[in-house]
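Hi,

Here is the structure I promised to pass on to you. My notes on it follow just below, so have a look and then read on.

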Number of protein chains: 2
Amino acid sequence: MDIKEILAEVKRGCAEIIDEARIEDLIKNYYEKGENFYVKAGFDPTAPDLHLGHSVVLGKMAFLQKHGARVQFLIGDFTGQIGDPSGKNATRKKLSQEEVLKNAKTYESQVFKILDKDKTDIVFNSKWLNELGATGIVELTSTFSVARMLEREDFTKRFREQSSISICEFLYPLLQGYDSVALKSDIEMGGTDQKFNLLMGRALQRIYDAKKEQAIIMMPLLEGLDGVNKMSKSLNNYIGVTENAKDIYAKILSISDELMFRYYELLSKKSLKEIEKIKEDIKNGTLHPKIVKENLALELVERFHSKELANEAKAEFDRVHSANALPSEIAEFELSGGSVWLAKALVECGLENSTSAARRAIVANSVSVNSQKIKDEQMQLELGEYILQIGKRKFAKLKVKK
Amino acid sequence: MDIKEILAEVKRGCAEIIDEARIEDLIKNYYEKGENFYVKAGFDPTAPDLHLGHSVVLGKMAFLQKHGARVQFLIGDFTGQIGDPSGKNATRKKLSQEEVLKNAKTYESQVFKILDKDKTDIVFNSKWLNELGATGIVELTSTFSVARMLEREDFTKRFREQSSISICEFLYPLLQGYDSVALKSDIEMGGTDQKFNLLMGRALQRIYDAKKEQAIIMMPLLEGLDGVNKMSKSLNNYIGVTENAKDIYAKILSISDELMFRYYELLSKKSLKEIEKIKEDIKNGTLHPKIVKENLALELVERFHSKELANEAKAEFDRVHSANALPSEIAEFELSGGSVWLAKALVECGLENSTSAARRAIVANSVSVNSQKIKDEQMQLELGEYILQIGKRKFAKLKVKK
């Protein structure tokens, strides 16, 4: 791989890069003199559950690790130590040192599926931010003006709409920026929504007399499975990196062909050249898009689990979908008390959350009992054994007893 | 003195009081149970030169000390420890611990001319603010919103005019407010320009679960000798508490009758009743205003020096002014090199700052040589001895030599 090709891969999928020349210098310097450089990315200490969206940044860092980067995996535990004296945010409680370390362990178990452990330092910003002390923090706040901080897009908007901005929110970008000063980061990674905070690192490195300012690589926010909204837990359009193999496989198979190529660009380890070739083959009719999607699903399951589980997940998926057969394992339930209303049974077996949702599923023609579609939302199940099914993937075995 | 009279004296000259009921409770409680209460006022660690303007607040505290107050004389040294990493403020350098203590000594030598030393605690806010640490400071900033901070009048104005406000300026009111939390102050004193910051103490005491909020006593900004602008060193319309007896006396004698009563209200220890009586006597023609002004001058010189020096200052002032005689002591100078230009001589003897100012004084008919008014701005002094005089109070003896 020559430097041009490496840089093209660095830029692949990026939303924006600031100071590309610096990145080129760092990589050249590594190949010419063997000197490493530091790539920082910050993570929330309170929510150590990563999904594919996070893995976009991690994947880019993993690529950089092959070309000289040591990753500074920063856990922002400093703010985790801060309670909320205003009492406005009842849900925010101080994290203990123990909780922070526990969350860090959870991160480790996830990120080293993507990052090279030997080229990664897990660091906690409480270390240097506590050392700053009260005077250091006040000094830090003397570096920026209120007006300049209000230029951050979300602040501008909230200020205009007269929705409250706590003064401590003005401190967080400064603290994040100071992390880059303390760590002497050469590159900082983040989402496009972080641009203001990422630039703060450059500005503060300048103010605190660092020799050079960090470059910035911004990755786009990954679209969720719906292909429209950004991937997030709260929208339930995500794939968690700890999800089981079958679910990851099935979820990837459910996405559109368009989104599939977006995921190839941002998540796959296939090179840009290989991806171009795939697109051509599809165009020429020599490759079916379904195969391409299966390959993506296999690659991702393998990354987060293993090749073996990836193959099993595929086999299982094919079996259920191609032959409309039952899956190999179905959870079993028993209900006693004589005959039971189907809608209630679907809830008891965990296939639906409420009887009203179950009734809607019946009306929508999604419910089968023993492979027979049921349209009668009042149906009663008498004593006996049943296979209940909603849609293509939800199954339960139910025994109705006296 | 009954409680009503005491409260009337507390309110005397005040610009505004917040929570008068609390003050009444504190004083009553002192007289009924002998319990002291705490009255806080903050002072700048960098400029330990007090003038009469500062003594307005100190005088009010001295009165409260007679009725149960312990004074918390707070030297705001915390911010003195902070350099300016932005480099914008070249004049702000970090104060060393030594400088802070030296300035504190200077304060002590001045304030105990007014305050009762035995009922005063000199405290430094670096103690508890440093203890807050980085997390405590960030926590503190979570208590207020940007919009609310911008309600402070000067911030509003500067924000509108797009003149820069550093984020650390948002921290200072919070730090001042937190001082009241740490000190459990019952009353805070300050100038009217401090209202926002003083209220911050009440708000933070509430947030940090103090049992009660501090009352606030705001004193007006004392008018300077011109009777128009507030007294300040930079406007040169001030009387420093360390000025010599003769200067203080003469400066008080120079003020208008109207300003004299303002000074009586804010600076004199005479009770409201006594002052009413004086005003009546002047009205009835039984008392000349000049006597009243002399008494004010005598009272203030005695406060900052002694009764003896006050009497001397008066005698000297009377001698110079009534008989147009020379003062008893005149500084002596020698200039060699033969004849000298009068304007230059006035500068050399320290009576003027520049020859152009000296020429203006000659043209303005203010300069005498050996009691003869001089109008020739080119006048040369030949070899010999001279008494040089500008206006009524500036004298020098000059020997012009070969």
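Cys168(B) is buried, with a relative accessible area of 4%; buried here stands for under 20%, exposed for over 50% and partly exposed for anything in between, with a 1.4 Å probe and protein chains only. Its counterpart Cys168(A) is buried too, also at 4%. Please keep in mind that this is a predicted model, where local features need pLDDT of at least 70, side-chain atom pairs count only at pLDDT 80 or more, and totals for chains, interfaces and linings use all residues. Side-chain values use heavy atoms without hydrogens or water, residues are numbered from 1 along each chain as its sequence is written, and chains are lettered from A and ligands numbered from 1 in the order in which they are written.

Why is there no bond from Cys168(B) to the closest cysteine sulfur? That sulfur belongs to Cys168(A) and is 17 Å away, too far for a bond. Taking a disulfide as a pair of cysteine sulfur atoms within 2.5 Å, the count over all chains is zero.

On to the symmetry. Chain A is superposed on chain B by a rotation of 180 degrees with 0.0 Å of shift along the axis, at an RMSD of 0.3 Å; the fit is by least squares on C-alpha atoms of residues with pLDDT of at least 70 in both copies. The two copies are therefore related as by a two-fold rotation axis. Both use the same surface, as 100% of the contact residues of chain A recur in chain B, where contact means heavy atoms within 4.5 Å.

Chain A also has an open sheet of six strands in the order β1-β6-β5-β2-β3-β4, with mixed pairing. Strands (E, at least two residues) and helices (H or I, at least four) are DSSP runs numbered from the N terminus, and two strands pair if DSSP finds at least two bridges between them. At the edges are β1 (16-18) and β4 (120-124) of chain A, each pairing on one side only. Within the sheet, β2 (residues 37-43) and β3 (residues 69-75) of chain A run parallel and are joined by seven bridges. Tyr38(A), for example, has Arg70(A) in β3(A) as its bridge partner.

Finally, two annotations come from UniProt, both from an unreviewed entry; such annotations may be inferred rather than shown by experiment.

- The "short sequence motif: 'HIGH' region" is placed by UniProt at residues 45-54 of chain A. This stretch is 30% helix and 0% strand, with its end C-alpha atoms 14 Å apart.
- The "domain: RNA-binding S4" is listed by UniProt for residues 340-401 of chain A. That span is 26% helix and 39% strand, and its end C-alpha atoms lie 10 Å apart.

Best wishes
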